[in-house]
Amino acid sequence: MNLRSFTIRLGLLGVLTACGGSQSPVPMVGRRADISQLAGEWLGEYSSVETGRSGSIVFNLTAGSDTATGDVVMTPQFVMRGPVTQPSQGAPQTPRSITIRFVRVSGGQVSGALDPYTDPNCGCQLHTTFTGRLVGDTLSGTYMSRHEQTQEVQTGRWRVVRKTG
């Protein structure tokens with residue numbers, strides 16, 4: 001992703017957050033020492049070669065707290081047409097904010113889930129879980145989305161970096 005695209009996505013994320021992005025409390029599960037390692041403001045992105053989707057991730061955890069706030073902003077760029085993924089035609093699909101349901105942390109390993117959301121291609125519900133690892137000020141890992149009706153699984157990668165200063 002180039003700098004211009006990333007800047008546009010962060011701007012969209014700011015608009016979504018200001019206009020009612022969920023910012024619901026995200027329960028943090030783990031020992032206090034493990035949770036404290038995630039304190040701070042985290043910014044990053046996710047992407048999937050399989051689906052052509054990508055977007056921004058914002059996650060905030062105040063030191064000493066066992067809840068955080070966070071959202072994933074899905075920015076669809078492609079639509080599925082049969083077995084081939086093609087660029088979307090017509091008006092671009094609107095980015096949407098998806099709430100992070102919970103995060104579990106233990107020994108630098110993180111896992112969690114997003115609230116179920118509607119797949120922009122098929123209109124069916126998706127259930128997404130993620131796993132990752134904390135290394136310094138970077139959290140990164142993979143995610144898996146399962147279609148509620150077909151049980152089809154899609155995967156991708158994510159990465160967030162703690163904002164400094």
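Here is a short chat about a predicted model, going from its overall layout down to single side-chain pairs.

Visitor: Let's start broad: how many helices and strands are there in the protein?
Guide: Read along the sequence, the pattern runs α-β-α-β-β-β-β-β-β-β-β-β-β-β. Tallied up, that is two helices and twelve strands.

Visitor: And what share of the residues count as buried?
Guide: Buried here means under 20% relative accessible area. The protein has 165 residues, and the share of them that passes as buried is 37%.

Visitor: What about the surface: how much of the exposed area do carbon and sulfur atoms supply?
Guide: The protein exposes about 8,800 Å². Of that area, the part from carbon and sulfur atoms is 56%.

Visitor: Now some strand pairing. In which sense do S7 and S8 pair?
Guide: S7 covers residues 96–106 and S8 covers residues 109–114, with six bridges between them. In the hairpin they make, two residues sit between the strands, and Gly 107 has a positive phi near 55°. The sense of the S7 and S8 pairing is antiparallel.

Visitor: Which residue in S10 is the bridge partner of Val 110?
Guide: Val 110 is in S8, where it stands opposite Val 105. S8 also pairs with S10 (residues 125–135), antiparallel over five bridges. On that S10 side, the partner of Val 110 is Gly 132.

Visitor: Which strand gives the largest share of the largest nonpolar core?
Guide: That core has 26 residues, and those touching the most other members include Met 28, Phe 59, Ile 100, Val 103 and Trp 158. The largest share is four residues, and they come from S7.

Visitor: Trp 158 caught my eye. Which residue forms an aromatic pair with Trp 158?
Guide: Setting aside neighbours within four places in sequence, Trp 158 has contacts that include Val 110, Phe 130, Gly 132, Leu 139 and Tyr 143. A ring pair needs centres within 6.5 Å, and planes over 60 degrees apart make it edge-to-face. One pair with Trp 158 has its centres 5.9 Å apart and its planes at 80°, so edge-to-face it is. The partner ring belongs to Phe 130.

Visitor: How many residues apart in sequence are the parts that the pair of Phe 130 and Trp 158 ties together?
Guide: Both Phe 130 and Trp 158 are buried. Phe 130 lies in strand S10, while Trp 158 lies in strand S12 (residues 153–162), so the parts tied together are apart in sequence by 28 residues.

Visitor: A search finds two aromatic pairs; what kind is the pair of Tyr 46 and Tyr 143?
Guide: Tyr 46 is buried at 9% relative accessible area, and Tyr 143 is buried at 12%. Tyr 46 is in strand S2 (residues 40–47) and Tyr 143 in strand S11 (residues 138–147), so the pair ties together parts 97 residues apart in sequence. The ring centres are 5.8 Å apart and the planes are at 80°, so the pair is edge-to-face.

Visitor: Is Asp 119 buried or exposed?
Guide: Asp 119 is in the loop between strand S9 (117–118) and S10. Its contacts, leaving aside neighbours within four places, are Arg 53, Cys 124, Leu 126, His 147 and Gln 154. At 2% relative accessibility, against a cut-off of under 20%, Asp 119 is buried.

Visitor: On to charges: which residue meets Arg 31 in a salt bridge?
Guide: The count of salt bridges comes to five. In the one with Arg 31, N to O is 3.3 Å. Arg 31 is exposed at 57% relative accessibility, whereas its partner is buried at 5%. That partner is Asp 34.

Visitor: How many residues apart are Lys 163 and Glu 41?
Guide: Their side chains meet in a salt bridge at 3.8 Å, N to O. Lys 163 is partly exposed at 48%, and Glu 41 is partly exposed at 29%. With Lys 163 in the segment after S12 and Glu 41 in strand S2, the pair links parts of the chain separated by 122 residues.

Visitor: Last one: how far apart are the closest N and O atoms of Asp 115 and Arg 101?
Guide: Asp 115 sits in the loop between S8 and S9, and Arg 101 is in strand S7, 14 residues apart. Asp 115 is partly exposed at 27%, and Arg 101 is partly exposed at 41%. They form a salt bridge, with the closest N and O atoms at 3.2 Å.

Note on methods:
Residues numbered from 1 in each chain as written. Predicted model: local features only at pLDDT ≥ 70, side-chain atom pairs only at ≥ 80, totals over all residues. Heavy atoms only, no water. Pairing = 2+ DSSP bridges. Core = buried A, V, L, I, M, F, W, Y, C linked by side-chain atoms within 4.5 Å. Buried < 20%, exposed > 50% of the residue type's maximum accessible area, 1.4 Å probe, protein only. Contact = heavy atoms within 4.5 Å. Phe/Tyr/Trp six-rings, centres within 6.5 Å; stacked < 30°, edge-to-face > 60°. Salt bridge = Lys/Arg side-chain N within 4 Å of Asp/Glu carboxyl O. Areas by Shrake-Rupley, 256 points an atom, 1.4 Å probe, with all protein chains shown as cover.
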